[in-house]
Amino acid sequence: MLGNLRVSERPSPVSSAGLRRFWLWAGAALLAAALIGSAAPRVAAGEDTGGVHQVLGGGKTIIEGGTGAPAYIPVTTVLGFHADGQGGAFECLALAPTAGSGAPESGEFEVNAMYVTGKVTSVQVSHGTAVLKGTAVVTGLGAGPSEPFTFTVTAGGPGTTATLVISGRTFHEILLEGRVTIH
């Protein structure tokens with residue numbers, strides 16, 4: 001029967017009903033994964049979890065005071081991290097306005113002021129705050145091939161605070177978008 005049909009006339013091996021069924025199952029699996037993840041126990045302030053912790057988060061932040069005196073140029077960051085007892089990863093890209101765009105008045109954050117990409121080697125959780133430590137490659141401000149860092153963060157969404165200490169500098173950040181979770 002298929003021998004007399006042209007290639008364009010052959011029936012599709014995946015019917016539209018089969019495709020709908022696939023997407024229905026895929027959606028159900030994603031929903032189930034989200035529900036299971038949201039039901040996972042969280043570490044409450046002061047709660048002991050036997051030393052096993054998972055910290056993860058990401059989003060957009062603004063650095064309090066920007067570059068500091070004398071210019072006070074605003075700086076935003078995009079960050080992402082995850083860590084547990086086995087280690088983890090930390091990424092932070094700091095962006096500043098372009099010099100020709102009227103900085104510090106510009107709202108166009110396009111200049112890569114600093115990039116930190118590192119491995120988390122230890123995690124401590126206490127009273128709803130996580131402290132991640134490790135080493136990172138830093139480009140831009142504070143550049144170095146193996147800089148020790150400490151990242152301190154509290155769980156939550158926008159308004160959550162974080163502090164990154166690296167290359168002899170301390171950056172106090174406020175989460176504008178995203179979420180930090182501590183299990």
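In this predicted model, alanine 136 of the chain sits across from glutamate 147, a residue of strand E6. Threonine 135 likewise has a residue of E6 opposite, namely proline 148. These positions belong to the contact between strand E5, residues 129–140, and E6, where 9 bridges join the two strands in an antiparallel arrangement. E5 and E6 form a hairpin with 3 residues between the strands, and glycine 142 in this hairpin has a positive phi near 75 degrees.

Glycine 134 is also part of strand E5. Is glycine 134 buried or exposed? Its relative accessible area is 8%, and the cut-off for buried is under 20%, so glycine 134 counts as buried. Glycine 134 and glutamate 147 are 13 residues apart along the chain, and their C-alpha atoms are separated by 8.4 Å.

On its other pairing, E6 meets strand E7, residues 161–166, through 5 bridges, again in the antiparallel sense. Phenylalanine 151 has leucine 164 in E7 as its bridge partner. E6 and E7 make a hairpin as well, with 6 residues between them, and glycine 156 in the turn takes a positive phi of about 145 degrees.

**The whole chain**

How many helices and strands does the chain have? The secondary structure consists of 1 helix and 8 strands. Along the sequence the pattern is α-β-β-β-β-β-β-β-β, with the helix ahead of the strands. The 8 strands close into a barrel, in the order E1-E2-E3-E4-E5-E6-E7-E8, with antiparallel pairing. Within this sheet, neighbouring strands are turned against each other by 30 degrees on average, direction ignored. The chain has 183 residues, and buried residues make up 31% of them.

**Aromatic pairs**

The model contains 4 aromatic pairs. In one of these, the rings of phenylalanine 90 and phenylalanine 151 have centres 4.8 Å apart and planes at 50 degrees; the pair is called tilted because this angle is neither under 30 degrees, as for stacked rings, nor over 60, as for edge-to-face rings. Where in the chain do phenylalanine 90 and phenylalanine 151 lie? Phenylalanine 90 is in strand E3, residues 87–97, and phenylalanine 151 is in strand E6, residues 144–154. The two are 61 residues apart, and their pair links distant parts of the chain. Both phenylalanine 90 and phenylalanine 151 are buried. Ring pairs also bring these two together with Phe81 and Phe149 in a cluster of Phe81, Phe90, Phe149 and Phe151.

**Pocket and cavity**

The largest pocket has a volume of about 260 Å³. Its lining is made up of 18 residues, and those nearest its centre are Ile63, Gly66, Val75, Leu141 and Phe171. Two or more lining residues come from each of E3, strand E4 (109–126) and strand E8 (169–182). Which element gives the most to the lining of this pocket? E8 does, with 4 residues.

The model also has 1 cavity of 30 Å³ or more. The largest cavity holds about 70 Å³ of space. Of its 16 lining residues, Thr61, Val153, Ala162, Leu175 and Val180 are the closest to its centre. The elements that supply two or more residues to the lining of the largest cavity are strand E1 (54–63), strand E2 (76–84), E6, E7 and E8. Here too E8 has the largest share, giving 5 residues to the cavity lining.

The table sets out how the two linings divide by residue type.

| Lining | Nonpolar | Polar | Charged |
|---|---|---|---|
| Largest pocket | 11 residues | 5 residues | 2 residues |
| Largest cavity | 8 residues | 6 residues | 2 residues |

Terms used. Residues numbered from 1 in each chain as written. Predicted model: local features only at pLDDT ≥ 70, side-chain atom pairs only at ≥ 80, totals over all residues. Heavy atoms only, no water. Phe/Tyr/Trp six-rings, centres within 6.5 Å; stacked < 30°, edge-to-face > 60°. Buried < 20%, exposed > 50% of the residue type's maximum accessible area, 1.4 Å probe, protein only. Pairing = 2+ DSSP bridges. Axes fitted to C-alpha atoms, helices over the stretch in contact; angles between N-to-C directions. 1 Å grid on protein atoms, 1.4 Å probe; cavity = no way out; pocket = protein on both sides within 12 Å on 5 of 7 lines; lining within 4 Å. Points joined across faces, edges and corners; volume = space filled by probe spheres on them. Nonpolar A, V, L, I, M, F, W, Y, C, P; charged D, E, K, R; others polar.
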